[in-house]
Amino acid sequence: MNFGVRQGSVLPPLLFNIYLDDIARINDCTKRKFILVYADDILLIAQSVSELEILSRACEKELLFLDMAINAKKSCCLRIGPRCNVDSANILTHDGCSLRWVAELRYLGVFIARARTFRCSLNYVKRSFFGVVNGLFLKLLNLASETVILELVRSKCMPILLYSLESCEVASEMSNADLRSLDFTFNRLFMKLFKTKSIDVVKACQSFTGSEVPSCFFTEENR
């Protein structure tokens with residue numbers, strides 16, 4: 001190889017998008033088959049398993065033409081709809097590798113769950129939120145005031161808990177149970193910070209500090 005670009009520079013992402021642009025052109029909107037490409041993360045969407053296999057073969061053919069290949073170990077399939085729990089036939093790559101069917105998959109940091117309707121799994125974001133909060137408390141709980149800690153939580157931790165929920169328009173699909181789960185996670189933070197188990201005390205502290213539970217971001221007006 002006689003020419004190249006430095007890793008981490010501005011030019012590589014642009015050149016890579018140009019390199020993979022032909023894959024995005026495979027989209028067939030008339031038959032409701034779509035290919036979403038973000039760098040090397042490719043998401044294939046189809047109405048049936050057979051159409052998904054056709055789309056996968058077309059995408060794989062284009063990748064082979066570009067001297068690239070699908071990594072079967074990092075690829076998986078997920079089903080959404082009334083028949084989400086029905087066993088599906090395996091989709092094979094050109095070299096005979098089988099793409100596994102999973103209960104949830106991660107795409108661009110968003111965990112999409114297998115369900116009758118489109119929904120995201122919140123378990124990972126809640127674990128990540130608690131991990132960052134606990135690390136923050138470990139360093140600052142006995143050194144900084146509650147106001148300082150809350151400001152750090154707003155700037156560093158809340159984006160983790162609310163990541164992608166608005167950009168993916170998941171708010172309109174979120175159940176009340178999911179919203180209560182997010183609120184409970186946020187309330188646990190206040191219980192630990194103000195050393196209380198009373199939800200009334202927690203709500204009073206949130207009111208005095210101007211802190212809103214996550215469900216307030218997804219009111220009926222915002223959906």
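Let's start with Leu-108, which at 33% relative accessibility counts as partly exposed. This is a predicted model, and Leu-108 sits in the loop between β6 and β7. Its phi is near 55°, a positive value in a residue other than glycine. That is worth a pause, because most residues other than glycine have a negative phi.

What do the strands around that turn look like? β6 and β7 form a hairpin with 2 residues between them. Strand β6 covers residues 104-107, and 4 bridges join it to β7 in an antiparallel arrangement. If you want one pair to find on screen, look for Tyr-107, which stands opposite Val-110 in β7.

Stay with β7 for a moment, residues 110-113. In a regular strand the side chains alternate between the two faces of the sheet. Here, Val-110 and Ile-112 point one way, while Phe-111 and Ala-113 point the other way. Are these four buried or exposed? All of them are buried.

Two of those residues turn up again when we look for empty space. The whole structure has 2 cavities of 30 Å³ or more, and the largest has a volume of about 70 Å³. Which residues line the largest cavity? Val-110 and Phe-111 are in the lining, along with Gly-109, Cys-120, Ser-121, Leu-122, Val-125, Tyr-163, Ser-164 and Leu-165. For those of you thinking about electrostatics, the lining divides into 7 nonpolar residues, 3 polar and no charged.

Let me pick Ser-164 out of that lining. Ser-164 lies in the loop between α5, residues 146-161, and α6, residues 176-193. Although it is in a loop, Ser-164 counts as buried, at 11% relative accessibility. To give you a sense of scale, Ser-164 and Thr-209 are 45 residues apart along the chain, and their C-alpha atoms are separated by 25 Å.

Back to hairpins, as there is another one to show you. Strand β1, residues 34-38, and strand β2, residues 41-45, pair in the antiparallel sense over 5 bridges. Phe-34 stands opposite Ile-45 in β2. There are 2 residues between the strands of this hairpin, and Ala-39 takes a positive phi near 55°.

Now for the sheet. It is an open sheet of 3 strands in the order β3-β5-β4, with mixed pairing. Which strands are at the edges? They are β3 and β4, the latter at residues 91-92, and each pairs on one side only. β3 and strand β5, residues 98-101, pair in the parallel sense over 2 bridges. One contact to click on there is Cys-77, whose bridge partner in β5 is Trp-101.

On to the aromatics. A search of the whole structure finds 4 aromatic pairs. How are the rings of Phe-190 and Phe-194 arranged? Their centres are 5.7 Å apart and their planes are at 20°, so this pair is stacked; the cut-off for stacking is planes under 30 degrees apart. The two partners have their own surroundings: Phe-190 counts as buried at 1% relative accessibility, whereas Phe-194 is partly exposed, with a relative accessible area of 26%. Add Phe-186, and the three residues form one aromatic cluster.

Moving along the chain from there, we come to Lys-195, in the loop between α6 and α7. Lys-195 has a phi near 55°, again a positive value in a residue other than glycine. At 64% relative accessibility, Lys-195 counts as exposed.

Then comes helix α7, residues 199-209, where we find Ile-199. Ile-199 is partly exposed, with a relative accessible area of 34%. Ile-199 and Arg-188 are 11 residues apart in sequence, and their C-alpha atoms are 9.4 Å apart in space.

Last, how far should we trust all this? The mean pLDDT of the chain is 85, and 91% of its residues reach 70 or more. Which elements have the lowest and the highest mean pLDDT? Helix α2, residues 21-24, has the lowest at 82, and strand β3, residues 76-77, has the highest at 94. As a general caution, where pLDDT is low, the predicted coordinates should not be read in detail.

That's my tour; thanks for listening, and I'm happy to go back to any part of it.

Definitions and conventions:
Residues are numbered from 1 along each chain as its sequence is written. This is a predicted model: local features need pLDDT of at least 70, side-chain atom pairs count only at pLDDT 80 or more; totals for chains, interfaces and linings use all residues. Side-chain values use heavy atoms; hydrogens and water are left out. pLDDT is the predictor's confidence in each residue, from 0 to 100. Rings of Phe, Tyr and Trp (its six-membered ring) pair if their centres lie within 6.5 Å; planes under 30 degrees apart count as stacked, over 60 as edge-to-face and the rest as tilted. Buried means under 20% relative accessible area, exposed over 50%, partly exposed in between (1.4 Å probe, protein chains only). On a 1 Å grid over the protein atoms alone, a cavity is a set of points where a 1.4 Å probe fits but cannot get out, and a pocket is an open set with protein on both sides within 12 Å along at least five of seven lines; lining residues have an atom within 4 Å of a point. Grid points are joined across faces, edges and corners, and a volume is the space filled by probe spheres set on the points. Ala, Val, Leu, Ile, Met, Phe, Trp, Tyr, Cys and Pro count as nonpolar, Asp, Glu, Lys and Arg as charged, and the others, Gly among them, as polar. Two strands pair if DSSP finds at least two bridges between them.
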